[in-house]
Structure formats: structure tokens, C-alpha cells
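Please open the model in your viewer and keep the selection panel at hand. The stops below go from one chain contact to the next, with a short note on what to select at each.

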Amino acid sequence: MSEERAVQQVLAKYVRGADARDGAAVAALFTDAGRVEISYNSSGKLEPLGELVGREAIAGAVSNMMQPHPARGWSHHTTQDHIIEVDGDKATIDAQFVVFEVRGKERPATGWPEGAFGAQGTVTPVESGYYRPVLRRVDGMWKIDTLRIVMNIPLAFPGQ
Amino acid sequence: MSEERAVQQVLAKYVRGADARDGAAVAALFTDAGRVEISYNSSGKLEPLGELVGREAIAGAVSNMMQPHPARGWSHHTTQDHIIEVDGDKATIDAQFVVFEVRGKERPATGWPEGAFGAQGTVTPVESGYYRPVLRRVDGMWKIDTLRIVMNIPLAFPGQ
Amino acid sequence: MSEERAVQQVLAKYVRGADARDGAAVAALFTDAGRVEISYNSSGKLEPLGELVGREAIAGAVSNMMQPHPARGWSHHTTQDHIIEVDGDKATIDAQFVVFEVRGKERPATGWPEGAFGAQGTVTPVESGYYRPVLRRVDGMWKIDTLRIVMNIPLAFPGQ
């Protein structure tokens, strides 16, 4: 497998962990000193939104800052159009991301209504931006040193 | 071309065939004993939805179970964040998918209304989930042995 | 880096330039004789919509034919499921694309309302189709010779 693909698959595992709300799985993709820096791209001007330092903080944020899925709910953090540069044991990715919120309808006890055909529920894009991770190869494994997340939509947190 | 990319392009051709409702093109991507297993991910619990065994059944399902596009209609089965493992003549993919339904507006005989600018129609995400194909290299060509489709949205079929 | 990935990253840079409305950055990805051919896929039948010939025309179209982003607005031209063929100094891509329009809400002077959580704004898919660029390697760099854009949604332009 090429180094570029190995690097890209780290990001593929990151989004799997985010969608499963699996803080431990996400944190394991980072180096010991791993960090996440979140900012908001306000029409081209970056405003810092927050920072997570260390695996424990990252794991906690995935579990606590991301809302749990409701019944028949799921999400898809998807990434596209990766620009990857590998330089020895260091690598960078610039990827677009779009987050979809998935909500399935509950099947009525009497079955789906007459004429219902295909998917019963909604898939809604709710967030987008850029993931710009910097990775380092540690003992032959690519790990995220710093994940820069640039949101294109402002974020509200309780109490702000 | 790397084996990983060759494997990934089989899935890229699968989604082209699905969008064109071209059962023969889709079936040709499978081995003789090819099968499709569809299940619904109900908040983490997999419920089997159906199974197609053999190229003929797969071709028939693409032509008959997928609704034809209406006038000015199309679809995009898109995939993202592939995790690919190649081991000799066997390979697996784990990919996210989002299906978009595309409906163009009909251009009025008198032309688009004043002030209309850009795309005239709708692009709506309607389905999502994971494609998890297992592939085998047969006479130098990667073919799908089993395609596991995990829907994140429940499916209704007539009479169920 | 494989030739296929180098080719794919040209398209990744193209969508970055389109989203930034950066005509010069987009034009620089084309050969001197570069051209863009846009057509509309009306249920399988291709209708020509327009043509841009030369870097200057391409740069102008990105700046003038694409509407500027409003305040707190952005776009994501995303591509998926690339089928890439490299033959010496020539290459072709067939990629799906979906364009998302991003609109952030304005944060009230008094802060986000009570109970607001997460992304505040909308991400809306508005266009889709296929990018089918033909590329050529010039002095070791892959450049786009002809970019065929197949829209799946009709386009309205002022005065048509």
C-alpha cells in the first residue's frame, strides 16, 4: 500500500470513530501529544472555536461534545478530494468534509403504508468544512499529530 | 495501477451501473457465484433485509427493484472514505455511501423566468450506509464475490 | 506518488479553486490550449450548454459566471468514485460531483439562543453530475487539456 493511501485511511478510520461516537477508537489514531484545533471559516477569516490537547481530552470530546444518536439515527462524516503530501515520516492531508445526519422512520406495527417504496427516513447534510491533519509515522504507523478542523458553519455550545 | 486502486475502481463502476439502472453492467462486476447481502443497521443492530444470489438475480434486481428515473431525473450513488485491504487474490473494502436523487426542472417554453440563475432543480440525499464488498482476483481481474450493503435507513418494499 | 493520485489531485485543486472563486488558480491547472465543455444530461441525452476556450476565458468564467459567496456563505464542489486511466503522458478521469451550498446563521449579539447546540446554518446540495477531464503531462506536471462537465440539472443564465 502506498504511503499516501495509508495516510488517507487514518482519516477514514477517524470518521468511522466519530460516527460511532467511539472516543477510544478516535483517540487511538493520535500520537501521545495529539491535538485537535477547531476554527470557523467566517467567509475566509478563521476564528478559533476550541482546542483539545491529548488523547484523553479528544476521547472525552467525542463522547461528550457530540450528541448521541437517537433511535434509528446515525451520522456519516464523509471526506472528499484529498490533497496529500508525504515527506519522509511526516504527512499532511487537506480534505473537504460533509456531515450527514440520518434519521430512519419507525416501521408501523401494521407495516409500511401502501405505496411506500424504498428508503423511509431522511439524510440531511448539517456540517461541512475542511480537515487538515498533520501526521507522523511512529513505529511504522501513521498517527495524527494535529488535526485542524475548519468549520464552514458556526457552532453553538451550551452557555455561549 | 496499485491493487488497492484497481479494487476501488470496481466499486466506482458498480455505482455507475446502479445509477444507469444497467443490470448487465452491474452483474458483470461479480464472480459467477456473486451475491449481495442487504441488511439494515437499526442503531447498531443489523437486521437482514434480503439476499441476491448469482449474476442473474443481481441483474434482475437492478432493473426491477430500483425505480426507473423520471424525466429529467438521475441519481448518484456516491462512496467515501474507503478502507481497503488486499491480501494476495482477495480484497475487502469498507466504504460509506450516500445516494442522491436528482430532479431537474422543466425549462418553460418561454425560457427560464427572469432572475433565474444557475441550477434549476433539486439534489436530495435519500439513502446512506456502508458498502462492504469482498473481492477476488479471477484471471487477473478483480470481481465482487459478496457485496454486503448495510443501510442506515429502513427500506419499504411493496407488500411488506 | 502514483500517477493516478497525481492526476486525481489536479481535480482536487480544481474544486478548491472553484469554491474560492479563484479564477487564476483554476486556470493555472489547464494547459495553454485548455478548454471546458459543459453539457446537460437530459435523461441520458447530452445537450451542449457552453464552451470555454483558453485560460483567460476559464479564469473569467470562474470569477464572473459563478456567483460570489454571501456573508457566512461558502460552497463545496465535491467529487467521488474516480475512474482514472493513465496512458503515458495522457490521462482521463471520470468522477461524480455534488456541489453543496453552505450558509451560516449570524450569531445574535446576545449569543446563540438557549438550547442551540452544534452547527447553526444549512448545507444544501444544489448541483451534480460528472467531471470528465482529459489531462496531459507537460514538463512533468499533469494539466487539464479538456474538462468535460456533464450537469445532471439544467442551468439557467441571465437572458436565456
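Begin by selecting chain B and chain C of this predicted model, and look across their interface, where the rule finds 1 salt bridge. To see this salt bridge, show the side chains of Arg16(B) and Asp94(C), which meet with 2.7 Å from N to O. With those two side chains still displayed, widen the view to the polar contacts, of which the interface of chain B and chain C holds 13 residue pairs, both residues of each being at pLDDT 80 or more.

Next, colour the elements of chain B on the side that touches chain C: α1 (3-19), β3 (73-87), β4 (90-104), β5 (118-119) and β6 (121-138) each supply at least two residues there. Which of these elements of chain B gives the largest share of the side that touches chain C? Select β3(B), from which 8 residues of that side come. If you then colour the side of chain B that touches chain C by residue class, you should find 14 nonpolar, 14 polar and 8 charged residues.

Now select every residue in this contact, which brings together 36 residues of chain B and 33 residues of chain C. The two chains bury about 2700 Å² between them, with 56% of that area on carbon and sulfur atoms. Pick out Arg5(B), Arg16(B) and Phe117(B), since these supply 25% of the area that chain B buries against chain C, more than any other three residues; Arg16(B) is the residue you have already seen in the salt bridge with Asp94(C).

Staying at this interface, move to β5(B) and show it together with strand β8 (residues 155-156) of chain C, as the two pair in the antiparallel sense over 2 bridges. Within this pairing, select Gly118(B), whose bridge partner in β8(C) is Ala156(C).

How are chain B and chain C related? Superposing chain B on chain C takes a rotation of 120° with 0.0 Å of shift along its axis, and the RMSD is 0.0 Å. The two copies are therefore related as by a three-fold rotation axis. To place this axis in chain B, select Gln80(B), whose C-alpha is the nearest to the axis in that chain, at 4.0 Å from it. Compare next the surfaces that the copies use: only 11% of the interface residues of chain B are also interface residues in chain C, so the copies meet through different surfaces.

Finally, turn to chain A and chain B, where 36 residues of chain A are in contact with 33 residues of chain B. Here about 2700 Å² is buried between the two chains, 56% of it on carbon and sulfur atoms, and Arg5(A), Arg16(A) and Phe117(A) supply 25% of the area that chain A buries against chain B, more than any other three residues.

At this interface, too, show the salt bridge, formed by Arg16(A) with Asp94(B), whose closest N and O atoms are 2.7 Å apart. The elements of chain A that give two or more residues to the side touching chain B are α1 (3-19), β3 (73-87), β4 (90-104), β5 (118-119) and β6 (121-138), and β3(A) gives the most, with 8 residues. As a last selection, take β5(A) with strand β8 (residues 155-156) of chain B, which pair in the antiparallel sense over 2 bridges, and find Gly118(A) opposite its bridge partner in β8(B), Ala156(B).

Technical notes. Residues are numbered from 1 along each chain as its sequence is written. Chains are lettered from A and ligands numbered from 1 in the order in which they are written. This is a predicted model: local features need pLDDT of at least 70, side-chain atom pairs count only at pLDDT 80 or more; totals for chains, interfaces and linings use all residues. Side-chain values use heavy atoms; hydrogens and water are left out. Contact means heavy atoms within 4.5 Å. Buried area is the accessible area (1.4 Å probe) that two parts lose on being put together, summed over both. A salt bridge is a side-chain nitrogen of Lys or Arg within 4 Å of a carboxyl oxygen of Asp or Glu. Helices (H or I, at least four residues) and strands (E, at least two) are DSSP runs, numbered from the N terminus. Two strands pair if DSSP finds at least two bridges between them. Copies are superposed by least squares on the C-alpha atoms of residues with pLDDT of at least 70 in both. A polar contact is a pair of N or O atoms within 3.5 Å; within protein, one must be able to donate a hydrogen and the other to accept it, and residues adjacent in sequence count only if both atoms are side-chain atoms. Ala, Val, Leu, Ile, Met, Phe, Trp, Tyr, Cys and Pro count as nonpolar, Asp, Glu, Lys and Arg as charged, and the others, Gly among them, as polar.
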